[in-house]
Amino acid sequence: LNREAIKRIAREFVEDKAKEGVIYVEVRYSPHLLANSGVKEIPWNQEEGDLSPDEVVRLVNEGLSEGEREFKIKARSILCCMRHMPSWSKDVVELCKKYKDEGVVAIDLAGDESLNCEANPEHMEAYEEAVRCGIHRTVHAGEVGPASVVKEAVEVLKAERVGHGYRTLEDDDLYKKLLAQNMHFETCPISSKLTGACNADFTTHPVITFMKDKANYSLNTDDPLIFNSNLHHDYQTAHQHMGFTEEEFKRLNICSAQSSFLPAKEKEELLKTLNEAYEMIQSTAF
């Protein structure tokens, strides 16, 4: 594993986002999947080395910081627990605590929902610690798993945002409850088609229901290198196949900023920048 490569990828990620017109981004990853030391069950059949999850986070933080300075946008990170590796979760929350003031803004739970729909006690303990320490929380749920996984994410793991969340629509009571709570859904249209999470026909995508119901959600690019996609592609798809208007893009971006995991003062500055930019777009349209 190459330390310089990890740092460089983080920096170049910020460069890519800047080119897409992004002014604030939260990137998520599993530090354990990039490490080969101090990890129970080292991934990818690697030999034991000397790169720990802690050092991975430090290197990513450095790369993101370099990218911020160079490309003039703001980048923060979210550390992922993996559903199939509960033994990593305690480490993840400890890393979130350690680097809370150095760019890490939240904890996530990712991985195949079908493998583990019931929260593992070790995941639950990690999220309980996150709540106790004021660490922000998001959970991949309802992408391919049933609505009950979303319910568990919100009620048991105390998620503040739901990754994907499409299958929430299968439980009308839960959906209405989350709408009333202003729960934020992190949607990824292109990804959902390629993973089979949603019907291949974008014109019937659950995001359209979120749009019509004025839900709190964002449009995101999931695994851009794997799916050979970028944010423009997701926005273009929403515009061409889902009936999204410029006004809805503005609204969902404001929702995204309001639901970001930035500290209050920085969030206020982000919202001010967006509102000023959108008013400027509006005023020049006449």
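The protein chain carries 34 positive and 50 negative side chains, and the centres of the two sets lie 4 Å apart. Lys and Arg count as positive and Asp and Glu as negative, while His and the chain ends are not counted. Each charge is placed at NZ of Lys, CZ of Arg, CG of Asp or CD of Glu.

This is a predicted model, in which local features need pLDDT of at least 70 and side-chain atom pairs count only at pLDDT 80 or more, whereas totals for chains, interfaces and linings use all residues. Residues are numbered from 1 along each chain as its sequence is written, and side-chain values use heavy atoms, with hydrogens and water left out.

**Overall build**

The protein chain has 12 helices and seven strands. Its radius of gyration is 19 Å, close to the 19 Å that the globule rule gives for 286 residues, so the chain is as compact as a globular protein of that length. That radius is taken over C-alpha atoms, and the rule is 2.2 Å times the number of residues to the power 0.38. Helices (H or I, at least four residues) and strands (E, at least two) are DSSP runs, numbered from the N terminus.

Along the principal axes, the C-alpha atoms fill a box of roughly 60 × 45 × 35 Å. Of the 286 residues, 53% count as buried. Buried means under 20% relative accessible area, exposed means over 50%, and partly exposed is in between (1.4 Å probe, protein chains only). The chain exposes about 14,000 Å², and carbon and sulfur atoms supply 51% of it. Accessible areas come from the Shrake-Rupley method with a 1.4 Å probe; for residues, only the protein chains shown count as cover.

Contacts come next. Among those between residues at least 6 apart in sequence, 67% join residues at least 24 apart. A contact means heavy atoms within 4.5 Å.

**Cysteines**

A search of the whole structure finds zero disulfides. A disulfide is a pair of cysteine sulfur atoms within 2.5 Å. Cysteine 81 is in no disulfide; its nearest cysteine sulfur, that of cysteine 96, is 7.2 Å away. Cysteine 81 is buried, with a relative accessible area of 1%.

Cysteine 96 is found in helix α3 (residues 89–98). Cysteine 96 is buried too, with a relative accessible area of 1%. Leaving out residues up to four places away in sequence, cysteine 96 touches Leu79, Val104, Ala106, Ile107 and Ile135. Cysteine 96 and glutamine 258 are 162 residues apart in sequence and 21 Å apart in space, C-alpha to C-alpha.

Why is cysteine 198 not bonded to cysteine 188? The sulfur of cysteine 188 is the closest cysteine sulfur to that of cysteine 198, but at 10 Å it is too far for a bond. Cysteine 198 is buried, with a relative accessible area of 12%.

**Helices α1, α2 and α5**

Arginine 11 sits in helix α1 (residues 3–19). At 18% relative accessibility, arginine 11 counts as buried. Not counting residues up to four places away in sequence, arginine 11 touches Gly63, Leu64, Glu66, Gly67, Glu70 and Phe71.

Glutamate 62 is in helix α2 (residues 53–71). At 28% relative accessibility, glutamate 62 counts as partly exposed. The C-alpha atoms of glutamate 62 and glutamate 170 are separated by 42 Å, and the two residues are 108 residues apart along the chain.

In helix α5 (residues 147–155), Ala147, Val149, Val150, Glu152, Ala153 and Val154 are buried. What covers these buried residues includes β4 (136–141), β5 (161–164) and α6 (172–181).

**Loop residues**

Three loop residues are set out below.

| Residue | Loop | Relative accessibility |
|---|---|---|
| Tryptophan 44 | between β1 (24–29) and α2 | 62%, exposed |
| Threonine 203 | between α7 (189–194) and α8 | 47%, partly exposed |
| Lysine 214 | between α8 (206–212) and β7 (216–219) | 52%, exposed |

Phi of tryptophan 44 is near 60°, a positive value in a residue other than glycine. Lysine 214 is not a glycine either, yet has a positive phi of about 55°.

Which residues does threonine 203 touch, not counting residues up to four places away in sequence? Threonine 203 touches Ile208 and His241. Threonine 203 and glycine 21 are 182 residues apart in sequence and 26 Å apart in space, C-alpha to C-alpha.
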